[in-house]
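Got your viewer open and a hand on the mouse? Let's take a walk through this one, stop by stop, selecting as we go.

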Amino acid sequence: MKVVALLSMVCTASLYALGDEGISIPWSEFKDLYRESIKRELTEQAAAPAKEPQIYSIHEARYKLRIGGASAEGEVFLSGKVISGEAAPIPLFSPEVVITQIINVAGGTLLAAQDESGMSFFPDRSAPEFQLTAAFMVRPQEDIESRVLSFSIPPAVQNSLELTLPSNYRLAGEPGVASADGSYHLSASRRLTVSYVDIEGVA
C-alpha cells in the first residue's frame, strides 16, 4: 500500500511539472522539491510529542465486608492522586463486584468498562487528588471445604479490611495481618480473597 501511495504521489506531482508544451521546470529541480516535501513531512511526524504514560498512586484503600449466607455486602473507600502523565482510566474492581451505591466521588468519574472487565476510575487532572466511596455486593464461590470471596482490587500503599462473619462461620485462613482492633492489614495486592467455612457443616 505504501508503494502504491508513493507512486500515486509521484504521478500527481509529475502533472504539475508538465505544461501544455512539455516540461515547464527542470526534472532535477522537480526531484529536489519532491524530496524536500517528503523530508518535511517525515520531520513533522517525528516531531510529534509522544504521550507520557500516566503515573498515579492510591494512598489508602479501606474495605468493609459483612458476610452473609449467599452473598456479602461491602463498602470501599479509596484515596489517591495522579502524579504525572496523560489522564487514563485507572482499573479498580473485577466484574464480580456489583456496585449498589455511589456514596461519594471526587476528582474524577467512575466508569463501567465496555468490555465487561469491571469498574475503572477516570481522574480529573486539574484535581489535586481523587476519592471514591461506594457500597457493593459480591457473591462467594464454593468448593468442597469452604466458601471463597475473591475479586480484583487496585494496588494501594495502605490497605485495610474490616470483616464481619456470622456466628456459624469461621475463617479458613487469615486474609491479612490481624491488628489489635480485629481488622486486617493487607499487602499492595491486586486481589482480595477471604476464605471461610460453616462450623455447623464441619464434621
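## The whole chain

Start with a cartoon view: the chain has 2 helices and 16 strands. Keep in mind that this is a predicted model. Of the 203 residues in the chain, 29% are buried. Switch on a surface and you are looking at about 13000 Å² of exposed area, with carbon and sulfur atoms supplying 55% of it. Now for how the chain connects to itself: among contacts between residues at least 6 apart in sequence, 69% join residues at least 24 apart.

## Stop one: the open sheet

Select the strands β6, β9, β4, β3, β12, β15 and β14, in that order, and you have walked across an open sheet of 7 strands with mixed pairing. Strands of a sheet pair through backbone hydrogen bonds, either parallel or antiparallel. Which strands sit at the edges of this sheet? They are β6 (98-106) and β14 (177-178), each pairing on one side only.

Zoom in on the β14 end. There, β14 and β15 run antiparallel and share 2 bridges. Pick valine 177 and look across to β15: histidine 185 stands opposite.

## Stop two: the nonpolar core

In soluble globular proteins, nonpolar side chains tend to be buried together. To see that here, show the side chains of Tyr63, Leu65, Leu78 and Leu161: in the largest nonpolar core, which has 32 residues, these touch the most other members. Several strands each give at least two residues to this core, including β3 (55-67), β4 (72-84), β9 (130-138) and β16 (191-198).

Select leucine 65 next and show what surrounds this residue. Setting aside residues up to four places away in sequence, Leu65 touches a long list, among them Ala72, Phe136, Leu149, Leu161, Leu192 and Val194.

Then step along to lysine 64, which is in strand β3. Is lysine 64 buried or exposed? Neither label fits, because its relative accessibility is 38%, which counts as partly exposed. Beyond neighbours within four places in sequence, lysine 64 is in contact with Glu73, Gly74, Glu75, Phe136 and Glu162. Try a distance label too: the C-alpha atoms of lysine 64 and alanine 135 are separated by 9.2 Å, with their positions 71 residues apart along the chain.

## Stop three: two polar residues under cover

Select glutamine 54, in the loop between α2 (27-47) and β3. Glutamine 54 is buried because its relative accessible area is 17%, and the cut-off is under 20%. Where does its side chain reach? To the backbone nitrogen of alanine 88, at 3.0 Å. Show the surroundings and you will find Val82, Ser84, Gly85, Glu86, Ala87, Ala88, Ile90 and Pro123 touching glutamine 54, not counting residues up to four places away in sequence.

Jump to serine 94, in the loop between β5 and β6. This residue is buried as well, with a relative accessible area of 8%. A polar atom of the serine 94 side chain lies 2.9 Å from the backbone nitrogen of serine 152. Apart from neighbours within four places in sequence, serine 94 is in contact with Ser117, Gly118, Phe151 and Ser152.

## Stop four: a hairpin and its neighbour

Select β10 (residues 141-142) and β11: 2 bridges join them, and they run antiparallel. A hairpin of 4 residues connects β10 to β11. Pick glutamine 141 and find its bridge partner in β11, valine 148.

β11 also pairs with β16, in the antiparallel sense, over 6 bridges. One place to look is serine 150, whose bridge partner in β16 is threonine 193.

## Last stop: the aromatic pairs

How many aromatic pairs does the structure hold? It holds 3. Show phenylalanine 121 and phenylalanine 130: their ring centres are 5.1 Å apart and the planes meet at 35 degrees, so this pair is tilted. Both of these phenylalanines are buried.

Now go to tyrosine 169 and tyrosine 196. Their ring centres are 5.3 Å apart with the planes at 80 degrees, so this pair is edge-to-face. Tyrosine 169 is in strand β13 (residues 169-173) and tyrosine 196 in strand β16, so the pair ties together parts that are 27 residues apart in sequence. Tyrosine 169 and tyrosine 196 are both buried.

Note on methods. Residues are numbered from 1 along each chain as its sequence is written. This is a predicted model: local features need pLDDT of at least 70, side-chain atom pairs count only at pLDDT 80 or more; totals for chains, interfaces and linings use all residues. Side-chain values use heavy atoms; hydrogens and water are left out. A nonpolar core is a set of buried Ala, Val, Leu, Ile, Met, Phe, Trp, Tyr and Cys residues joined through side-chain atoms within 4.5 Å. Buried means under 20% relative accessible area, exposed over 50%, partly exposed in between (1.4 Å probe, protein chains only). Contact means heavy atoms within 4.5 Å. A polar contact is a pair of N or O atoms within 3.5 Å; within protein, one must be able to donate a hydrogen and the other to accept it, and residues adjacent in sequence count only if both atoms are side-chain atoms. Accessible areas come from the Shrake-Rupley method with a 1.4 Å probe; for residues, only the protein chains shown count as cover. Rings of Phe, Tyr and Trp (its six-membered ring) pair if their centres lie within 6.5 Å; planes under 30 degrees apart count as stacked, over 60 as edge-to-face and the rest as tilted. Two strands pair if DSSP finds at least two bridges between them.
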